[in-house]
Amino acid sequence: MPDDIDQRIKEIEEEIRETPYNKSTEQHIGRLKAKIAKLKEKKEKREKSKSEGGGGYDIKKEGDATVALVGLPSVGKSTLLNKLTNAKSEVANYHFTTLDVIPGIMEHNGAEIQLLDLPGLVEGASEGKGRGREILSVIRNVDLIIIIGDIYRNDISKVIEELRSHGIRLNQEPPDIKIEEKDKDGIKINSTVELNNIKKETVMDILREFGFVNADVVIRSDIDDQALIDFLSDNRVYPASFPIINKIDLMEEEEKERLKEKLKEHDPLFISAENGHGIKKVKQRIFDELDFIRIFLRPQGEKADDEPMVLKKGSTVEDVCKKLHSDFLENFRYARVWGPTAKFPKQKVGMDHELAEGDTVRILTK
Ligand SMILES: Nc1nc2c(ncn2[C@@H]2O[C@H](COP(=O)(O)OP(=O)(O)OP(=O)(O)O)[C@@H](O)[C@H]2O)c(=O)[nH]1
Ligand SMILES: [Mg+2]
């Protein structure tokens, strides 16, 4: 069926390509990009309702964080999962060996990290090719994405692009914007930083395109038109990511140097999942990228535990309670904190106190 939405998107993309980008066309292009984003949203909604009930992957999150192994078929995702975790995902020298999502748990520095081995991503996955749509919806919900290629299939940019076109923004801070809708007075824009990459008129036009009529807007990061559109679109995610190139055991030193040079901008880890080369580095990198903090529990009348509790950065006393047992949440009175976030040792704090690496915490209950 010839799709009118697809056709509209194509036409607008064409127009953007043909318009030179400069100060005087910025506003027009911003508006066109917003139009495309709106059309894609519409299309997404339509397709979702069509495929409702179609078997998505049902993944239970476990551990302190979840990581997805993403890449083309046969690059060695399952081999790597098996090396890093207790899982046994099938490995074979033909494409699409893995058809389900296979989870495994990796332990490192006191953290339990869930890794997901996914079926190979094919080109056009976001258009729904392969089980692309379902795979992508799993990917959208993880904390870290490892992009895996091998020495033959090493086009990392392509995978990044594929993920991008599905609203997945790798290694990018979400834009810091506040919008408050009003009853009258039109759109008012304030910014706390200098905006070097977008004009206020463009902000205005894009907001209108997204249906805003009266609103107070405060922009607190140096955004461009795409960042603003991302903010206004409802399906953007901002996970961390790093790339890996596998099977370097099959490469001569000289070739390896050439490949390193070629992929310089992505700075991948070069490994051999099969013979274990580089696996330690992968574990450490996963841990570092996930931004964990470690805190120590100190029960009343006792010394602090030697074993740290691992939490995501930004966690609060409430998260500690949740992790311990639901009783701690229900019967919580207050907590005491020693260390970096305590104004003085043994400070009394509430549920919402944010913790940092190295804190010691005592929970007091009824
Ligand atoms: N030489 C070499 N071969 C490897 C390495 N890692 C994986 N392989 C081989 O590559 C083939 C594919 O490996 P898999 O782990 O099944 O790849 P996959 O990415 O999970 O593939 P799909 O599930 O089909 O997407 C197998 O024959 C593996 O033995 C490696 O580091 N070196
Ligand atoms: Mg596999």
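**Exercise 1. How much of the protein is buried?**
Work out what share of the residues of the protein count as buried, then place Ile12 on that scale.

*Solution.* Start with the total: the protein has 366 residues, and 45% of them count as buried. Keep in mind that this is a predicted model. Now take a single residue. Ile12 sits in helix α1, which covers residues 4-18. Its relative accessible area is 3%. The cut-off for buried is under 20%, so Ile12 is buried.

**Exercise 2. Overall dimensions and a long span**
What box do the C-alpha atoms fill along the principal axes, and how many residues and how many Å lie between Ile12 and Val218?

*Solution.* First the box: taken along the principal axes, it comes to roughly 70 × 60 × 45 Å. Next, the elements inside it: the secondary structure of the protein amounts to 11 helices and 14 strands. Finally, the pair: Ile12 and Val218 are 206 residues apart in sequence, and C-alpha to C-alpha they are 29 Å apart in space.

**Exercise 3. Walking across the open sheet**
Give the strand order of the six-stranded open sheet, then find which strands sit at its edges.

*Solution.* Reading across, the order is β2-β3-β1-β4-β8-β9, and the pairing is mixed. The edges are β2 (102-108) and β9 (269-270), each of which pairs on one side only. Now zoom in on the β9 end. Strand β8 (residues 240-246) runs parallel to β9, and two bridges join them. To find this spot in the viewer, pick Ile245: its bridge partner in β9 is Phe270.

**Exercise 4. A strand with two partners**
Which strands pair with β12, in what sense, and over how many bridges?

*Solution.* Take the partners in turn. With β14 (residues 360-365), β12 pairs in the antiparallel sense over six bridges. A handy landmark here is Val337, which stands opposite Val361 in β14. With β13 (residues 347-349), the pairing is antiparallel too, over three bridges. This time look for Ala335, which stands opposite Val349 in β13. Last step, the cover: β12 spans residues 332-338, and five of its seven residues are buried, which leaves the strand mostly covered.

**Exercise 5. Two aspartates with positive phi**
What are the phi values of Asp185 and Asp267, and is each residue buried or exposed?

*Solution.* A bit of background helps: most residues other than glycine have a negative phi. Asp185 goes the other way, with a positive phi of about 80 degrees although it is not a glycine. You'll find Asp185 in the loop between β5 (177-181) and β6 (187-191). With a relative accessible area of 55%, Asp185 is exposed. Now for Asp267: its phi is also positive, at about 50 degrees, and it isn't a glycine either. Asp267 belongs to the loop between α8 (253-262) and β9. Its relative accessible area is 53%, so Asp267 is exposed.

**Exercise 6. A charged patch**
Which residues make up the patch of negative charge on the surface, and where in the fold does Asp305 sit?

*Solution.* Four names to highlight: Glu302, Asp305, Asp306 and Glu307 gather in this patch. Follow Asp305 back to its loop, which lies between β10 (292-297) and β11 (309-312). Then check its cover: Asp305 has a relative accessible area of 34%, so it counts as partly exposed. That fits a place in the patch, because patch residues need over 30% relative accessible area.

Key: Residues numbered from 1 in each chain as written. Chains lettered and ligands numbered in written order. Predicted model: local features only at pLDDT ≥ 70, side-chain atom pairs only at ≥ 80, totals over all residues. Heavy atoms only, no water. Patch = residues over 30% accessible without salt bridge, like charges linked within 9 Å, V, L, I, M, F, W, Y side chains within 5 Å. Areas by Shrake-Rupley, 256 points an atom, 1.4 Å probe, with all protein chains shown as cover. Salt bridge = Lys/Arg side-chain N within 4 Å of Asp/Glu carboxyl O. Lys, Arg positive; Asp, Glu negative; His and termini not counted. Charge placed at Lys NZ, Arg CZ, Asp CG, Glu CD. Helix = DSSP H or I, 4+ residues; strand = E, 2+ residues; numbered from the N terminus. Buried < 20%, exposed > 50% of the residue type's maximum accessible area, 1.4 Å probe, protein only. Pairing = 2+ DSSP bridges.
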